[in-house]
Amino acid sequence: MNKINSYNEQKILNNTLIKKEQLSNMKAHLYNQILISLKKLQHTYDIQIREYLDFAKILYNKGLYIQSLKFLGKAKIVARCYESNTILLEIVEFEKMIESQHITRSLYSRSGELSADSQELIEKIQCNNALSSLSLELYGLYLKVGYVRNEKDKIFIETYFRTNLPKFDIDKLNFYEKLFLYQAQVWYHYIRQDFIMCYRSSYKWVELFQNHTKAKKIAPVSYLKGYHYLLDTLFYLNHYSKFVDVLQKFEQEVKNGEILINGNTKILIFMYTYTNRINKHYMEGSFSEGIKKVIPPLFIELKKIFNYLDSHYIMVLYYKIACLYFGSGDNQNTIRYLSKIMENKKKNLRQDLQCFARLLHLIACYESGLDENMDQKIQSAYKFFIQMDDWYIVQKKIIHFFKNLGNVYPHQIRNQFKKLRDKLVKYNDHPYEKRTFLYLDIISWLNSKIENKSVELIIKEKFLKNHQK
């Protein structure tokens with residue numbers, strides 16, 4: 001199996017003494033042996049705790065109660081050090097069982113202490129569980145629909161957050177409780193498009209890890225996600241200097257080995273590094289430079305880990321790449337990567353991204369001159385917006401514009417672009433309609449058509465104007 005590039009069952013049977021009916025059991029045995037070997041190579045705190053627990057149970061079953069309690073004591077020290085309250089409760093309950101059933105000469109002094117420990121841990125776990133569940137549910141909602149689309153969405157998310165947020169004293173929360181709280185706040189503000197509040201919560205999220213440096217190695221995935229959302233909110237707030245500073249710190253930490261590298265973190269480091277490098281070029285309007293500098297190494301790395309990426313990451317990456325190509329004026333590649341998103345069969349995943357991919361696809365088709373089936377493409381996009389319940393004013397005006405463009409004389413087109421821009425600018429700061437502009441800088445595209453300049457030049461001029469010293 002190690003010598004062949006792809007799994008070939010027949011080749012294995014031809015070159016070994018294994019019979020076909022034995023192969024399934026042989027593979028299962030090999031898999032178990034690999035896992036056992038990998039476990040021996042791992043030296044994480046949770047594996048160590050479990051090992052102490054296993055030793056304690058073996059000694060207990062042998063009737064060696066004092067020795068069993070000693071291993072439970074070792075396990076407790078490690079669990080407390082890493083605030084692993086769920087495992088800690090399991091250890092305390094095991095201690096209670098030994099103390100209550102067997103004479104260990106410590107029953108009188110220990111019974112009250114163990115009961116108090118148990119009660120305190122149960123309360124902490126309940127708070128931890130409530131915060132982690134709230135964080136997970138909000139993240140699930142974001143993955144499904146993205147940002148709030150209307151007043152109904154806003155009321156739902158605010159009511160859900162307020163109802164499910166447990167009462168807490170921030171000074172009494174441990175590391176993980178604070179982490180889940182900041183995560184829940186980030187998803188909540190992110191969904192509501194309140195990027196100022198989202199920035200504050202994501203900053204606290206990253207700062208929490210920087211104040212607990214050992215946690216970077218224990219929960220590296222959460223640390224990376226915190227960094228990403230901090231960068232993402234700075235991008236949406238268009239705070240370029242701060243964005244560049246945070247991105248440099250992030251890349252330096254990765255380079256210095258401050259973040260644990262494993263199968264999970266490799267994927268996240270790849271995603272967050274490249275999506276934020278692309279975002280930097282968006283902000284600068286340096287799309288062509290981004291194509292040259294970012295795309296070649298991105299695809300080299302993507303090839304190595306593509307099979308490990310889930311649909312959500314792939315969709316985000318393709319949309320970012322498509323927008324980079326669009327900004328550079330390469331409409332063929334824009335269409336190519338948007339088509340990959342549109343072909344995705346998981347309609348319940350990032351419905352927002354799938355909708356706006358179709359909108360940008362219409363624009364790219366128009367720009368590239370591939371407008372022979374434009375009516376069909378418009379109708380397909382319209383049906384998808386209706387199906388996804390994402391049919392709002394800005395989308396309506398853009399679709400209506402393309403639908404009527406075929407009836408406009410060439411000398412009138414520039415004026416039609418002006419009219420559309422004037423209509424859409426009004427919604428730039430609308431609480432729900434501005435959502436479209438987070439996915440697609442439609443105003444810059446319209447200005448490019450009105451001023452007869454490239455999208456890249458329009459955004460670059462805007463960037464230089466906003467960042468003149």
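Leu 138 touches Ile 157, Tyr 160, Phe 161, Ala 184, Trp 187, Tyr 188 and Ile 191, leaving aside residues up to four places away in sequence. The model in which these contacts appear is predicted. Leu 138 belongs to helix H6. With a relative accessibility of 0%, Leu 138 counts as buried, because buried means under 20% relative accessible area. Between Leu 138 and Gln 183 there are 9.2 Å in space, C-alpha to C-alpha, and 45 residues in sequence.

**The chain as a whole**

The protein chain has 24 helices and zero strands. Along the principal axes, its C-alpha atoms fill a box of roughly 95 × 65 × 45 Å. The protein chain holds 469 residues, and 47% of them count as buried. Among contacts with a separation of 6 or more, 67% come from residues 24 or more positions apart.

The protein chain exposes about 25600 Å², with 52% of that area supplied by carbon and sulfur atoms. There are 70 positive and 48 negative charges in the protein chain, and the mean positions of the two sets are 3 Å apart.

**The largest pocket**

The volume of the largest pocket is about 1300 Å³. Its lining is made up of 46 residues, and those closest to the centre are Phe 235, Tyr 236, Phe 437, Leu 438 and Tyr 439. Helices that each supply at least two residues of this lining include H6 (107-145), H11 (220-236), H13 (263-284), H16 (311-328), H22 (435-439) and H24 (455-466). H16 gives the largest share of the lining, eight residues. Helix H6, which also holds Leu 138, is thus one of the elements named for the pocket lining.

**Two loop residues with positive phi**

Gln 193 is not a glycine, yet its phi is positive, at about 65°. Asn 238, likewise a residue other than glycine, has a positive phi near 60°. The table sets out their places and accessibilities.

| Residue | Phi | Loop | Relative accessibility |
|---|---|---|---|
| Gln 193 | about 65° | between H8 (175-191) and H9 (195-211) | 4%, buried |
| Asn 238 | near 60° | between H11 and H12 (240-255) | 40%, partly exposed |

Gln 193 counts as buried because its relative accessibility is 4%. Asn 238 counts as partly exposed because its relative accessibility is 40%, which lies between the limits of 20% for buried and 50% for exposed. The loop that holds Asn 238 follows H11 in the stretch between H11 and H12, and H11 is among the helices that supply the lining of the largest pocket.

Terms used:
Residues numbered from 1 in each chain as written. Predicted model: local features only at pLDDT ≥ 70, side-chain atom pairs only at ≥ 80, totals over all residues. Heavy atoms only, no water. Buried < 20%, exposed > 50% of the residue type's maximum accessible area, 1.4 Å probe, protein only. Contact = heavy atoms within 4.5 Å. Areas by Shrake-Rupley, 256 points an atom, 1.4 Å probe, with all protein chains shown as cover. Lys, Arg positive; Asp, Glu negative; His and termini not counted. Charge placed at Lys NZ, Arg CZ, Asp CG, Glu CD. 1 Å grid on protein atoms, 1.4 Å probe; cavity = no way out; pocket = protein on both sides within 12 Å on 5 of 7 lines; lining within 4 Å. Points joined across faces, edges and corners; volume = space filled by probe spheres on them.
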